[in-house]
Amino acid sequence: MTEFWLISAPGDKTCQQTWDKMNMATTRTNNISTNNKFNIPDLKVGTLDVLVGLSDELAKIDSFVESVVKKVAQYMADVLEDSRDKVQENLLANGVDLITYITRFQWDMAKYPIKQSLKNISEIVTKQVTQIDNDLKARASAYNNLKGNLQNLERKNAGSLLTRSLADIVKKEDFVLDSEYLITMLVVVPKINYADWQRTYESLAEMVVPRSTNLLFEDGESGLFSVTLFRKAVDDFRHKARENKFGVRDFQYNEEEMKADKEEMTRLSTDKKKQFGPLVRWLKVNFSEAFIAWIHIKALRVFVESVLRYGLPVNFQAMLLQPNKKNMKKLREVLNDLYKHLDSSAAVIDAAMDIPGLNLSQQEYYPYVYYKIDCNLLDFK
């Protein structure tokens, strides 16, 4: 299970007792979840007004940061293309896998100094993650353009003989060049019509040079033939060829252009390889940063909500539960039994009900503080 429930309950005589009671109820007898203490440092409380305002603000920041975390993860999967199975091992937080990071969460004092007010800490996170989001847009746009241009060229080089680039197929010696009267044309003939072509090409127009056709290249369905004729017969030849299901390519042999095509392909391919490594490194670093910021926002939300619900002085235990998939309903019942005395109205409040003044549409409401953290961040199509 990649889903965690981050909850808090007021300290009994001590916070340790709160922890022991919850742990015993969920693991000793029925093993319905794996539990860890979730350490939140002594943050500055501030005034009640500020806390109420911050509670709403943090909900918005939480969903914004989560969306950026998911965007970075998803883009990592897009960039790794054929190595998508390697995505998970690149999605780390502080160098460890996400589950280890969450279950052993330690507040980062250097990044988010607890001497600052809660509002300041939330602003530090917002600024940091907005920067990541903006950088991601710029980097993704540049890399996607490059990738798109390369794919277009690759498609040009891999389509049917009627449309694909001929730079790698034809050579100078296949053409009559610099002649005032003669021209070499290229014709795509389906394989089943080879015999028809050989039998009829000389008679498709009046001025076709006898025995001038050569097969230059074949793919699965067709062959590319050259044929030489007088310039004045081109229109007639083109028309008759089409009637006979032979496809005449519009093609002028131009060495400079073909060379430029090849060089462009090489350049784009080299550029893509050059950008790939640094981009993946950037994604790894910034995924970690964004994920860490996200979990700190969850910690802030638990702190603010616990103070608002359980009052001062600050006395609550934050706990991280990893539900056993089969027992999620049972776990919810056990927690409700443990904590229903905290808020008798919560037992009847369902997420689907909309009660004026309570912001419940986004978040289920329980007698204890509850936030979900889902570490499954990838949406594989």
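Q: Which residues of α1 are buried, and what does buried mean here?
A: The buried residues of α1 are Thr18, Trp19, Met22, Asn23 and Thr26. Buried stands for a relative accessible area under 20%, exposed for over 50%, and partly exposed for anything in between (1.4 Å probe, protein chains only). This is a predicted model, in which local features need pLDDT of at least 70, side-chain atom pairs count only at pLDDT 80 or more, and totals for chains, interfaces and linings use all residues. Residues are numbered from 1 along each chain as its sequence is written, and side-chain values use heavy atoms, leaving out hydrogens and water.

Q: What puts the buried residues of α1 on one side or on opposite sides?
A: The buried residues of α1 cover an arc of only 120° around the axis, so they are on the same side of α1. The arc is taken from the directions that lead from the helix axis to the C-beta atoms.

Q: What covers the buried residues of α1?
A: The cover includes β1 (3-10), β2 (33-37), β9 (316-323) and α9. Helices (H or I, at least four residues) and strands (E, at least two) are DSSP runs, numbered from the N terminus. By that count the chain has nine helices and ten strands.

Q: How do you know whether the span of α1 is close to the expected one?
A: Helix α1 (residues 15-28) has 14 residues and reaches 19 Å from its first C-alpha to its last, close to the expected 20 Å. The expected span is 1.5 Å times one less than the number of residues.

Q: Why is the aromatic pair of Trp197 and Tyr201 called stacked?
A: First, the overall picture: the structure holds 18 aromatic pairs. In the pair of Trp197 and Tyr201, the ring centres are 5.3 Å apart and the planes differ by 25°. Rings of Phe, Tyr and Trp (its six-membered ring) pair if their centres lie within 6.5 Å; planes under 30 degrees apart count as stacked, over 60 as edge-to-face and the rest as tilted. Both values meet these limits, so the pair is stacked.

Q: What makes Trp197 and Tyr201 buried?
A: Trp197 has a relative accessible area of 0%, and Tyr201 has 3%. Each value falls under the limit for buried, so both residues belong there.

Q: Why is the pair of Tyr339 and Tyr368 called tilted?
A: The centres of Tyr339 and Tyr368 are 5.6 Å apart, with 55° between the planes. That angle fits neither the stacked nor the edge-to-face limit, so the pair is tilted. Tyr339 lies in helix α9 (residues 328-339) and Tyr368 in the loop between α9 and β10 (369-374), so the pair ties together parts that are 29 residues apart in sequence. Both Tyr339 and Tyr368 are buried.

Q: Which rings does Arg332 lie over, and how do you know?
A: Arg332 is over the face of Trp5, 3.8 Å from the ring centre. The charged end of Arg332 also sits over the ring of Tyr370, at 4.3 Å from its centre. A charge counts as over a ring if NZ of Lys or CZ of Arg is within 6 Å of the ring centre and within 35 degrees of the ring normal.

Q: Why are Asn94 and Lys245 called exposed or buried?
A: Asn94 has 53% relative accessibility and Lys245 has 62%, so both pass the limit for exposed. Asn94 is in the loop between β3 (92-93) and β4 (96-97), with a positive phi of about 55° although it is not a glycine. Lys245 lies in the loop between α7 (234-243) and β8 (247-249), and its phi, also positive, is near 65°.

Q: What makes Val314 partly exposed, and which residues does it touch?
A: The relative accessible area of Val314 is 37%, so it falls between the two limits. Val314 touches Val45, Phe303 and Val307, not counting residues up to four places away in sequence. Contact here means heavy atoms within 4.5 Å. Val314 is found in the loop between α8 and β9, as is Pro313. The peptide bond from Leu312 to Pro313 is cis, with omega near -5°.

Q: How does the chain compare with a compact globule?
A: The chain has a radius of gyration of 34 Å, whereas a compact globule of 381 residues would have one near 21 Å. The radius is taken over C-alpha atoms, and the globule rule is 2.2 Å times the number of residues to the power 0.38. The C-alpha trace spans about 105 × 40 × 40 Å along its principal axes.
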